[in-house]
Amino acid sequence: MKKNIAIIGATGFLGRAVVRLFQKKKVKLYLASLNGGKIGNNQVKSLDLRRNHELFKWLSRRKIDCLIYLAALIPSSQKKADNLEFEN
């Protein structure tokens with residue numbers, strides 16, 4: 001049976017490498033990142049992880065066997081880091 005794997009942070013440095021490894025396997029990939037896009041033949045869903053409900057809703061609509069979480073929110077300055085806000 002084909003496994004369903006979700007990779008959050010799929011377009012980042014590590015994410016792209018992990019996606020390429022799994023593209024060689026017989027698995028169904030569900031990919032997400034802030035900017036979305038495409039990696040090979042796989043569509044990447046655009047998700048803003050600062051909005052908790054978006055990730056929950058996206059994951060709950062799929063039967064995921066394995067979740068690989070490689071996302072990070074990296075501010076470009078300390079001032080921006082001090083002002084980060086997340087929704088509850």
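This report describes the setting of one leucine, the ring interactions and the largest pocket.

## Basis of the model

The model is predicted, so that local features need pLDDT of at least 70 and side-chain atom pairs count only at pLDDT 80 or more, while totals for chains, interfaces and linings use all residues. Residues are numbered from 1 along each chain as its sequence is written, and side-chain values use heavy atoms, with hydrogens and water left out.

## Leucine 59

Leucine 59 lies in helix α2 (residues 52–60), helices being DSSP runs of H or I with at least four residues, numbered from the N terminus. Because its relative accessibility is 21%, leucine 59 counts as partly exposed (between 20%, under which a residue is buried, and 50%, over which it is exposed, with a 1.4 Å probe and protein chains only).

Beyond its neighbours within four places in sequence, leucine 59 is in contact (heavy atoms within 4.5 Å) with Ala6, Ile64 and Leu67. Alanine 6 is 53 residues away from leucine 59 in sequence, yet their C-alpha atoms are 8.2 Å apart.

## Charge over a ring

The charged end of lysine 28 sits over the ring of tyrosine 30, at 5.2 Å from the ring centre; the criterion is NZ of Lys or CZ of Arg within 6 Å of the centre and within 35 degrees of the ring normal.

## Largest pocket

In the largest pocket (an open set of points on a 1 Å grid over the protein atoms alone, where a 1.4 Å probe fits, with protein on both sides within 12 Å along at least five of seven lines; lining residues have an atom within 4 Å of a point), the lining comprises 21 residues, and Leu34, Leu49, Ala71, Ala72 and Leu73 lie nearest the centre. Helix α1 (residues 13–23) gives the most to this lining, with 3 residues.

Note on methods: Helix = DSSP H or I, 4+ residues; strand = E, 2+ residues; numbered from the N terminus.
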